Amino acid sequence: MNIYLQLFFTFLKIGAFTFGGGWAMISIIEKEIVEKHGWLEREEFLDLLAVAQAVPGILAVNISVVVGDKLKGARGSMAAAIGTILPSFLIILAIAIFLTPDTIKNNPVISSIFKGIRPAVVALIIAPVLTSAKSAGITWRTVWIPFVVAVLIYSGLPVISNPIIFIIIGGVIGYVFHAYRQVSN
Amino acid sequence: MMVYLHLIWSYLKIGLFGFGGGYAMLSLIENEIVKHSNGLPAWGISEQTFTDIVAISQMTPGPIGINSATYIGYVIPGNVGYDSVLLCLLGSLACTIAVVVPPFLLVSYTSHFIRRHKDSGVVKGIMSGLRPVVVGLIASAALLLMNGDNFGTETLDIITSTLLCVVSFLAVKFTKVHPIAVIVGAGFVGFIVYYIFNV
């Protein structure tokens, strides 16, 4: 089979069978790319993973793009990315056609099920707040940063409730601190 | 026609600033799509629908970023009056492509630069500035979704919902129960409480 098709089908499989997005996918991608196909050394893979994480966007897609690009340039990254995206696209499309917001609202059985699900989904979003705070090394001295960011976004005020603003500010401050540290060294 | 351009522009922004994974991206999607729905061009994506999309995303394979783009892109053209399935499909495709284009180009063009500077500290510096912000983004998404749309407005609803939320949180945080099992369980409780007992 030609390498583009192999890339496509490998990432198609990864896209179709991994639940929960990026982090869950990494170990499976590593297994496929490094162990099974031997396309990359583990070192190289970790190197590319660092790139995929430094770039915005959807981690799983980013990984497929860097791996495809490394192996076969632009066409390789295209084949891998389409493979990753296609399964979720088709599955969600089918769901969107049959399970419309109106159906969820008006069908008594489905609406009762979703009424139970919604508070659980909120819980699923609260959990990563704590995990990410831990991995970001948030302490009592720095906890005000995520607190202020969350409250301002929540406030709904014009301009300052836009999360993009905080991403830009965070990136710039991170860069300035780094530059300052280099100068003072 | 305008709705497609709006959607594409929104998802380009979501793709371009989506640092920190799917949960952090929720706050961007919320800001671009749900808030926009309350404004003049009524896109009709409520907090409730948004939460449902997150639930569906959790239970199907694939990243939340793609799943939400596909679903929202399909629903919104229908909401603003495009009746044909084909036009909805077009929106779905447009959003899904728009959200991956910025990272695709960035990865292709900056890969060499990032690999060269990976250890120099520039990239690490920027990332360390982003990390606390990402925590705030996820927290804001959680805060925004704790509302009457999702927890109900009557006392009994609010009590049931709060209980479900707390138990689900404890389950994912302190046991090894899979998130999908938590969602299925909560859905089952919802069915019993709201359909069978008709609370």
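**Exercise 1.** Determine the handedness with which α3(B) and α4(B) cross, and describe their packing in this predicted model.

*Solution.* The crossing of α3(B) and α4(B) is right-handed. The contact draws on I53(B), V54(B), I56(B) and S57(B) from α3(B), and on I64(B), N67(B), S68(B), Y71(B) and I72(B) from α4(B). Sorted by class, the residues of this contact comprise 6 nonpolar, 3 polar and no charged.

The geometry follows next. Two packed helices are characterised by the angle between their axes and the distance between the axes. Here α3(B) packs against helix α4 (residues 64-79) of chain B at an angle of about 130°, and the axes lie 9 Å apart. Therefore α3(B) is oblique to α4(B), because an angle that is neither under 35 degrees, nor over 145, nor from 65 to 115 counts as oblique.

**Exercise 2.** Locate the two domains of chain B and characterise the contact between them.

*Solution.* Chain B divides into domain 1 (2-150) and domain 2 (152-199). Their centres, taken over C-alpha atoms, are separated by 26 Å. In the contact, 4 residues of domain 1 of chain B meet 5 residues of domain 2 of chain B. On the domain 1 side, helix α3 (residues 47-59) of chain B gives the most, with 3 residues. That side has 2 nonpolar, 2 polar and no charged residues.

**Exercise 3.** Analyse the side of chain B that touches chain A.

*Solution.* First, 92 residues of chain B are in contact with 81 residues of chain A. Next, helix α6 (residues 122-145) of chain B supplies the largest share of the chain B side, 23 residues. Finally, the class division of that side is 56 nonpolar, 30 polar and 6 charged.

Definitions and conventions: Residues numbered from 1 in each chain as written. Chains lettered and ligands numbered in written order. Predicted model: local features only at pLDDT ≥ 70, side-chain atom pairs only at ≥ 80, totals over all residues. Domains from an automatic or database assignment. Contact = placed C-beta atoms within 7 Å. Helix = DSSP H or I, 4+ residues; strand = E, 2+ residues; numbered from the N terminus. Nonpolar A, V, L, I, M, F, W, Y, C, P; charged D, E, K, R; others polar. Axes fitted to C-alpha atoms, helices over the stretch in contact; angles between N-to-C directions. Left-handed = near helix turned anticlockwise from the far one by under 90°.
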